[in-house]
Amino acid sequence: AMNDIVVLNDASIIVDNDGIIAAVGPSSEISEKFKDATFEKEIDATGRCVIPGLVDCHTHPVYAGDRVQEYRMKLEGATYMDIHKIGGGIGFTVRHVAQTSEDELLALTKPRLMTMMRHGTTLADCKSGYGLVTEQEIKLLKVLQRAKKEVPLDIVMNLLAAHSVPEGYTADEATEMIVKEMIPKVIEMKKEGKLDVELIDAFCEKNIYEVAQTERIMLEGKKNGLGINFHADELSALGGAEMGARIGALGMSHLECISDKGMRLMAEHKSVAILLPTTAWIMHLTPPPARKMIELNVPVAVASDYNPNAYCMSMPFVMNLSCILMGMTMNEALVAGTLNAAASLGHSDMYGSLEVGKFGDMLILDAPQWEHLFYRISDEPILKVIKKGKVIDF
Ligand code: NIG
Ligand code: FE
């Protein structure tokens with residue numbers, strides 16, 4: 001049903017004092033129904049259009065040190081794995097993060113989150129993942145916990161426990177450490193109200209974490225109440241999607257190399273495929289089979305994958321690439337960057353569409369039709385970002 005969107009002409013939306021949508025519909029009906037109400041603020045969007053706030057369901061915003069030098073190497077022919085093997089890539093960022101304090105990381109992260117908002121994102125999955133060992137991963141989660149209070153963006157914290165194998169460990173030893181030490185510690189802090197972690201993630205890939213190791217980590221997270229949402233089948237067809245669908249993953253990301261069986265199982269178990277066109281584009285990968293997924297009824301979401309490898313914080317650009325590189329229709333891309341993205345995080349009850357009872361998160365576009373949002377490449381017509389009924393100041 002990704003093409004079924006409703007466009008109302010001449011509509012009004014009412015958001016209540018709790019930031020929840022109280023009414024949405026034709027202006028004449030709403031005016032009549034609320035004729036005796038007084039409003040704290042009214043916004044006239046005549047001639048413009050209003051769409052749901054965008055949901056970026058895969059980002060890695062807490063890091064230090066840029067990787068522009070690696071970008072150059074990739075353009076000159078190096079692959080992601082070539083760089084990984086010589087200690088670059090995730091390893092480079094992990095070394096920088098280890099030398100950066102929590103306060104410094106927070107100072108780096110907050111403007112990134114505000115940039116995401118300026119591009120229309122109102123809810124984001126934010127992963128840890130550049131710590132690899134317990135103490136460092138907790139440092140990253142604490143940064144996100146503080147950012148949640150200091151930035152108006154809504155954040156779903158995702159413990160990316162197994163992003164790469166830490167130095168001095170084998171993948172088996174690291175799996176053991178994550179299951180026996182890292183997850184219990186994070187869960188203990190969650191129970192004490194110190195970390196609102198909701199999801200668990202891993203990089204399930206050949207020579208990183210194999211399917212069995214990833215499964216063990218995911219199940220340990222699930223047992224402790226975390227939603228499963230991990231990187232699968234990006235650079236090789238390992239069978240991550242099949243495993244994830246079977247164990248009830250809310251979503252799996254990348255999937256450039258997913259098998260037909262993986263797609264059928266994801267459709268059957270309603271696992272959301274989180275596609276990341278920026279990564280495929282930058283790394284010259286064959287993009288994931290979005291059309292085939294949609295035909296097979298896999299719910300498809302798209303996300304920026306913002307990280308030092310894929311430096312993009314703009315969901316409108318991601319949605320443009322979804323159409324151009326992956327053959328999605330504009331309606332499908334809109335749903336993929338809003339409602340389906342929210343579903344992949346377990347939050348479609350409150351986010352992702354303009355419906356009564358959901359948060360009043362929306363964008364006012366200075367454009368006569370919503371399609372201008374990703375038609376106007378790199379100059380998005382976002383006039384206002386509204387979060388729970390309040391206009392965000394930038
Ligand atoms: O989703 N594939 C693994 N993780 C990230 C990249 C992280 C990095 O290179 O720093 C991704 O693309
Ligand atoms: Fe990622």
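# Chatting through a predicted model

Colleague: Let's start at the front end: is V6 buried or exposed?
Modeller: V6 is exposed, because its relative accessible area is 73% and anything over 50% counts as exposed. Keep in mind that this is a predicted model.

Colleague: Where along the chain is V6 found?
Modeller: V6 is in the segment before β1, the strand covering 11-15.

Colleague: And which residues make the nonpolar surface patch with V6?
Modeller: L8, V24 and V356 join V6 there, and the patch comes to about 360 Å².

Colleague: Okay, new topic. What coordinates the iron ion (ligand 2)?
Modeller: Three histidines and an aspartate do: H58, H60 and H231, each through NE2, plus D305 through OD. The distances run from 2.0 to 2.6 Å.

Colleague: What spacing do those donors follow along the chain?
Modeller: The pattern is H-x1-H-x170-H-x73-D. Take H60 and D305 as a pair: they are 245 residues apart, so to speak from distant parts of the chain.

Colleague: Which loops are they in?
Modeller: H60 sits in the loop between β4 (54-59) and α2 (68-75), while D305 sits in the loop between β11 (300-302) and α13 (315-326).

Colleague: Are H60 and D305 buried or exposed?
Modeller: H60 is buried, with a relative accessible area of 2%. D305 is buried too, also at 2%. The cut-off for buried is under 20%.

Colleague: Switching to strands: what is the order in the open sheet of four strands?
Modeller: The order is β3-β12-β13-β14, and the pairing is antiparallel. At the edges stand β3 (49-52) and β14 (390-391); each has a single partner strand, so one side of each is left without a neighbour in the sheet.

Colleague: How many bridges join β12 to β13?
Modeller: Four of them, between residues 362-365 of β12 and residues 382-387 of β13. To pick out one contact, L365 has I382 in β13 as its bridge partner.

Colleague: Let's zoom out. How many helices and strands are there in the chain?
Modeller: The chain has 16 helices and 14 strands.

Colleague: And what does the radius of gyration say about the overall shape?
Modeller: The chain has 21 Å, and a compact globule with 394 residues would have a value near 21 Å, so the two agree. Along its principal axes, the C-alpha trace spans about 70 × 45 × 40 Å.

Colleague: Last one: what share of the residues counts as buried?
Modeller: That's 57% of the 394 residues.

Conventions:
Residues numbered from 1 in each chain as written. Chains lettered and ligands numbered in written order. Predicted model: local features only at pLDDT ≥ 70, side-chain atom pairs only at ≥ 80, totals over all residues. Heavy atoms only, no water. Pairing = 2+ DSSP bridges. Helix = DSSP H or I, 4+ residues; strand = E, 2+ residues; numbered from the N terminus. Donors = N, O, S within 2.8 Å, 3.2 Å for Na, K, Ca; no water. Buried < 20%, exposed > 50% of the residue type's maximum accessible area, 1.4 Å probe, protein only. Patch = residues over 30% accessible without salt bridge, like charges linked within 9 Å, V, L, I, M, F, W, Y side chains within 5 Å. Areas by Shrake-Rupley, 256 points an atom, 1.4 Å probe, with all protein chains shown as cover. Salt bridge = Lys/Arg side-chain N within 4 Å of Asp/Glu carboxyl O. Rg over C-alpha atoms; globule rule 2.2 N^0.38 Å.
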